[in-house]
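Welcome! Let us take a walk through this structure together, beginning with the whole chain and then stopping at a few of its residues.

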Amino acid sequence: MPECENCGGFVTDQYVRVFAPPEMTTVRVCPNCPDMIREKDGVREAKSQRRN
C-alpha cells in the first residue's frame, strides 16, 4: 500500500496515479499533511497549519 512520503498516511493507488509524478510510486504530500501543500508548481511548506 502506498504511503505519503511526508506524513506516512495511507493513500490509495488511484490517488497516487492522479497526483504523483509518473516516475514516483507514492505521493510527496497528501490531503492530511498539516505542514505541506500540493499546488500546480509542486509541493511547498504551508504558511499556516491546516486543521482536520
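Accessible areas here come from the Shrake-Rupley method with a 1.4 Å probe. By that method, the accessible surface of the chain comes to about 4100 Å², and carbon and sulfur atoms hold 47% of that surface. Please keep in mind that you are looking at a predicted model.

Now for the overall layout. The chain contains 1 helix and 2 strands, and if you follow the elements from the N terminus, they run α-β-β. The chain has 52 residues, and 29% of them count as buried. A residue is called buried when its relative accessible area is under 20%. You can also ask how far along the sequence the contacts reach: among those between residues at least 6 apart, 14% join residues at least 24 apart.

Let us step into helix α1, where Tyr-15 and Phe-19 make a good stop. The two residues are 4 apart in this helix, which means that about one helical turn separates them. A search of the whole structure finds 1 aromatic pair. That pair is formed by the rings of Tyr-15 and Phe-19, whose centres are 4.5 Å apart; because their planes meet at 40°, the pair is tilted. The partners also differ in how they are covered: Tyr-15 has 15% relative accessibility and therefore counts as buried, whereas Phe-19, at 34%, counts as partly exposed.

Beyond the helix, look for Thr-26. You will find Thr-26 in the loop between α1 (13-19) and β1 (36-39). Although it sits in a loop, Thr-26 counts as buried because its relative accessibility is 11%. What does Thr-26 touch, leaving aside residues up to four places away in sequence? Its contacts are Pro-2, Glu-3, Cys-4, Glu-5, Val-16 and Ala-20.

Our last stop is a pair of cysteines. A disulfide is a covalent bond between the sulfur atoms of two cysteines. How many disulfides does the structure hold? The count is 0. Why is Cys-7 not bonded to Cys-30? The sulfur of Cys-30 is the closest cysteine sulfur to that of Cys-7, but the distance is 3.7 Å, so they are too far apart for a bond; the cut-off for a disulfide is within 2.5 Å. Seen from the other side, Cys-30 is in no disulfide either, and its nearest cysteine sulfur is that of Cys-7. As for their surroundings, Cys-7 counts as partly exposed because its relative accessibility is 39%, while Cys-30, at 4%, counts as buried.

Note on methods: Residues numbered from 1 in each chain as written. Predicted model: local features only at pLDDT ≥ 70, side-chain atom pairs only at ≥ 80, totals over all residues. Heavy atoms only, no water. Buried < 20%, exposed > 50% of the residue type's maximum accessible area, 1.4 Å probe, protein only. Contact = heavy atoms within 4.5 Å. Phe/Tyr/Trp six-rings, centres within 6.5 Å; stacked < 30°, edge-to-face > 60°.
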